[in-house]
Amino acid sequence: MPGGTFSLKESDNIQGDILAPFKKRHFAFLLIKYQFDPANNKPGRDWIGQMVKEFISTTWDVVKAVRDNDTDGRLWTNLSFTAGGLIVVDKRFEQRLGELEAFREGGSSDRTLNKLNDRRGDLQSNSLLGDKGSEVMGVIKIAADDQKLLNNHIRALSQLAGSFGITLDDSVRSEGQTRPDPITGEEKAIESGFGFRDGISQPRIMGYHDDGILQPGEFILGYDSESGLSTSPDWMKDGSFMVLRKLEQNLDVWKPQLSHIVDECKNRLKLEINTDKAAAMLIGRTKDGELLTGHELERFAHVSKMTTENTGLSNRHRIIRRGVSYSEGGKVGLLFNAYMANIEEQFEYLQTVWANDKNAPPFQGADPVIGNVHEPFEVAVNQGRGCRMGLSKAVVTRGSLYTFVPSLTLLREIAR
Ligand code: HEM
């Protein structure tokens, strides 16, 4: 834990968005691809040096702008690398990545698809693929107030990258998916696919939030974690892992499913509900974000699943969520985007042990939103006292990428 009066809010070494969210309406995840010869990686290293000098936003940049009410018109930028990307710019990473299996293999490697129960055939070609040896070196996440500013920023970044033999693919975007908070009026992210407010429940982190209860080492490497003292190597200090997944939300499955639940509830449970209530039952919150309680909150609901064992000492499977919605060619979905210190114990644990497992008690069914179960499955409504309801998966994984968001110190060291 950070000692004395030092606060993680003041960090100019931790990149922005991990702790201090990029709160803007427009986002792009630029996929970094290189044309230079990896045997001569100087252009890659020089480019990183320029990115640090000119563009990267730190935690303190964001915190200070918010404090001073000076966020309008600002552009936020962070930079992360796939395992393959780190090795291309610095051969030392071949050894350094030894035990980091999930990251080393990548978000769309066979290892990861098998573990998460994703299907290769569902992945869009050229979308977020960041396996070792693939051409995606990393991601630049950018945020801006409007589309024009976003496009200008993409142009400036692409121009710089181009002069170092690097191209930026700007096809992964999110445009304006927010809604005013009913109480404060503040613009808040929504996942527009199913129409729910998103990003509400976030971990409270010691040294960053005044009411923090979780050790920072759960999210930022080099700090104590919930399981004890930090053991991570120096190069990782002040870095974090990022999971980016393009999750398509299939409304042709989701909507009829809600009507079906309404009918079933009326017939079998004699419950009067409408489709909004049925959706809230699956998520565990209302569309405006109110948490369901008591018998209304089912154990299989998405938020119940995602917090199953998160109490006291086992509070070790938390993630910082920064997801934003996308819409593309008539399809909608969520660019799920999360930060954590350990991909296996955090994102992969949530997805595999909690979301995908439909049998283990007390889960009462797979996660109705993200359970990666390819055949129809059942959930036990009303905490098992009611009836079992048949569901089908409405979210499809279209892309998946694991990256590391280095500290500014590490970026400068690579650039040397
Ligand atoms: C299209 C896919 C998804 C949709 C539509 C979705 C939607 C939501 C919504 C509406 C909430 C409640 C509001 C909030 O607290 O922000 C929520 C909470 C949450 N989701 Fe998701 N989500 C999706 C994917 C995922 C994935 C892939 C994970 C991780 C494996 C995840 C983990 C969580 C967690 C940890 C919470 C907070 C639980 C809590 O502390 O109450 N979600 N999600």
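In this predicted model, L271 counts as partly exposed, because 17 C-beta neighbours lie inside 10 Å, a count short of the 20 or more that a buried residue requires. The residue is placed in the loop between α8 (251–269) and α9 (275–283). Leaving aside residues up to four places away in sequence, L271 touches C265 and K266. Its separation from Q50 is 221 residues in sequence and 61 Å in space, taken from C-alpha to C-alpha.

**Loop residues with positive phi**

Two asparagines outside the helices and strands deserve attention for their backbone geometry. N69 is not a glycine, yet its phi is positive, at about 55°. N117, likewise a residue other than glycine, has a positive phi near 70°. N69 counts as exposed because 7 other C-beta atoms lie within 10 Å, and the limit for that class is 12 or fewer. N117 is partly exposed, because it has 16 C-beta neighbours inside 10 Å. The table sets out the loop position and the neighbour count of each residue discussed so far.

| Residue | Loop between | C-beta neighbours within 10 Å |
|---|---|---|
| L271 | α8 (251–269) and α9 (275–283) | 17 C-beta atoms, partly exposed |
| N69 | α2 (59–67) and β2 (76–81) | 7 C-beta atoms, exposed |
| N117 | α6 (110–116) and β3 (136–144) | 16 C-beta atoms, partly exposed |

**Strand β8 and its partners**

Strand β8 spans residues 240–249, and 10 of its 10 residues are buried. In a regular strand, side chains alternate between the two faces of the sheet. In β8, S240, M242, L244, K246 and E248 point one way, while F241, V243, R245, L247 and Q249 point the other way; all are buried. The strand pairs with β14 (residues 395–405) in the antiparallel sense over 10 bridges, and within that pairing T397 of β14 is the bridge partner of L247. A further antiparallel pairing, of 9 bridges, joins β8 to β11 (residues 331–340). There, F241 has M340 of β11 as its bridge partner.

**Strands β12 and β13**

Strand β13 (residues 388–391) shows a contrast between its faces: M389 and L391 point to one face and are buried, whereas R388 and G390 point to the other and are not. Strand β12 (residues 377–380) is joined to β13 by 4 bridges, and the two run antiparallel. Opposite M389 in β13 stands V379.

**Surroundings of the ligand**

Which residues come nearest to the ligand? Of the 28 residues around it, these are F196, I200, S201, M306 and L334. The elements that give two or more residues to this shell are β8, α10 (302–305), β11 and α11 (344–355). Among the contributions, that of α11 is the largest share, with 4 residues. By character, the shell comprises 16 nonpolar, 8 polar and 4 charged residues.

**Contact between α1 and α12**

Helix α1 (residues 42–54) and helix α12 (residues 408–415) have axes that come within 8 Å and cross at roughly 145°. The crossing of α1 past α12 is left-handed. On the α1 side, R45, D46, I48, G49 and V52 take part in the contact; they meet L408, L411, R412, I414 and A415 in α12. The residues of this contact divide into 6 nonpolar, 1 polar and 3 charged.

How values were computed
Residues numbered from 1 in each chain as written. Predicted model: local features only at pLDDT ≥ 70, side-chain atom pairs only at ≥ 80, totals over all residues. Pairing = 2+ DSSP bridges. Near = placed C-beta within 6 Å. Nonpolar A, V, L, I, M, F, W, Y, C, P; charged D, E, K, R; others polar. Axes fitted to C-alpha atoms, helices over the stretch in contact; angles between N-to-C directions. Left-handed = near helix turned anticlockwise from the far one by under 90°. Contact = placed C-beta atoms within 7 Å.
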